[in-house]
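Here are a few short exercises to work through with the coordinates open. Try each task before you read its solution.

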Amino acid sequence: MKVDRRFRRGACYALGLFFVLVTTVRAATGSDAETGKTLYAIHCSSCHGATLYGSVNAPSLRNVSRAALDFWLGTGRMPAHLPYAQDIHQRPIFSPAQIASLTEFVMSQSRGSTIMPHVDNTGDLVRGRTLFIMNCAACHGVTGSG
Ligand code: HEC
Ligand code: HEC
């Protein structure tokens, strides 16, 4: 019976260790949206609102897409600062991990599209110029200077 008791105690330790591990892993994966929530509260909520419905200062993010978040955060355009004339950062103020956390949090509140278009720069430059002149130049100017 001694062996049995020792076995049972061993099993108890193993089970305990298992639960500690599971809790740690869950805390680690769960912290992503949690970090995003904190970052949002500090850097975004004053304009986009605590519930993401927007304000007089900024549009709602309730239907924003993953691709839009990637663009606005990845280029440093958000978070904006008042007055808007000085609002564009030269580069993102967040690390890629922070951008990922913010995106996770906002997407957990948004019904927007989660599709991320794949963009590469191995295209045909001449064809791109033709397409630009036909579709974009009317507004952005032939040289893209607006
Ligand atoms: C000072 C106010 C302000 C703050 C702070 C701010 N935003 Fe914005 N945000 C705006 C305004 C204004 C626009 C609309 C800009 C435009 O259309 O030119 C906008 C647009 C956006 C858009 C594009 C929406 C769309 O429908 O395409 C996203 C995404 C966004 N903000 C995310 C964020 C996130 C995430 C944060 C926090 C990291 C943040 N913003 C902080 C004012 C703000
Ligand atoms: C009818 C006029 C018009 C046409 C045509 C047009 N754009 Fe735009 N584009 C705009 C306006 C206006 C904005 C600014 C929108 C805003 O800030 O909310 C803009 C913004 C942009 C931006 C974001 C710039 C930034 O600094 O945030 C990009 C990129 C862009 N356009 C690319 C294109 C491309 C590529 C084409 C052709 C396929 C195109 N546009 C065609 C009017 C136009």
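**Exercise 1.** Find which residues surround ligand 2 and sort them by class.

*Solution.* Keep in mind that this is a predicted model. Start by collecting residues with a heavy atom within 4 Å of the ligand. For ligand 2 this gives Phe71, Arg77, Asn135, Cys136, Cys139 and His140. Next, sort this shell: three residues are nonpolar, two are polar and one is charged.

**Exercise 2.** Work out which protein atom binds the iron atom of ligand 2, and where its residue sits.

*Solution.* Begin with N, O and S atoms within 2.8 Å of the metal. The search returns a single protein donor, NE2 of His140, at 2.0 Å from the iron. Then place this residue in the fold: His140 belongs to helix α6, which covers residues 137-140.

**Exercise 3.** Look for N or O side-chain atoms of Arg77 and His140 that pair with atoms of ligand 2.

*Solution.* Take Arg77 to begin with: one of its polar side-chain atoms is 2.6 Å from an oxygen of ligand 2. Now turn to His140, where a side-chain N or O atom lies 2.8 Å from a nitrogen of ligand 2.

**Exercise 4.** Describe the largest pocket and its lining.

*Solution.* First, the volume is about 390 Å³. Second, 23 residues line the largest pocket, and those closest to its centre are His48, Leu61, Met78, Pro79 and Ala80. Third, helices α2 (45-48), α3 (66-74) and α4 (96-109) each give two or more residues to this lining, with α3 supplying the largest share, four residues. Finally, the lining divides into 17 nonpolar and six polar residues, with no charged ones.

Conventions:
Residues are numbered from 1 along each chain as its sequence is written. Chains are lettered from A and ligands numbered from 1 in the order in which they are written. This is a predicted model: local features need pLDDT of at least 70, side-chain atom pairs count only at pLDDT 80 or more; totals for chains, interfaces and linings use all residues. Side-chain values use heavy atoms; hydrogens and water are left out. Donors are N, O and S atoms within 2.8 Å of the metal (3.2 Å for Na, K and Ca); water is not among the atoms, so sites may look incomplete. A polar contact is a pair of N or O atoms within 3.5 Å; within protein, one must be able to donate a hydrogen and the other to accept it, and residues adjacent in sequence count only if both atoms are side-chain atoms. Ala, Val, Leu, Ile, Met, Phe, Trp, Tyr, Cys and Pro count as nonpolar, Asp, Glu, Lys and Arg as charged, and the others, Gly among them, as polar. On a 1 Å grid over the protein atoms alone, a cavity is a set of points where a 1.4 Å probe fits but cannot get out, and a pocket is an open set with protein on both sides within 12 Å along at least five of seven lines; lining residues have an atom within 4 Å of a point. Grid points are joined across faces, edges and corners, and a volume is the space filled by probe spheres set on the points.
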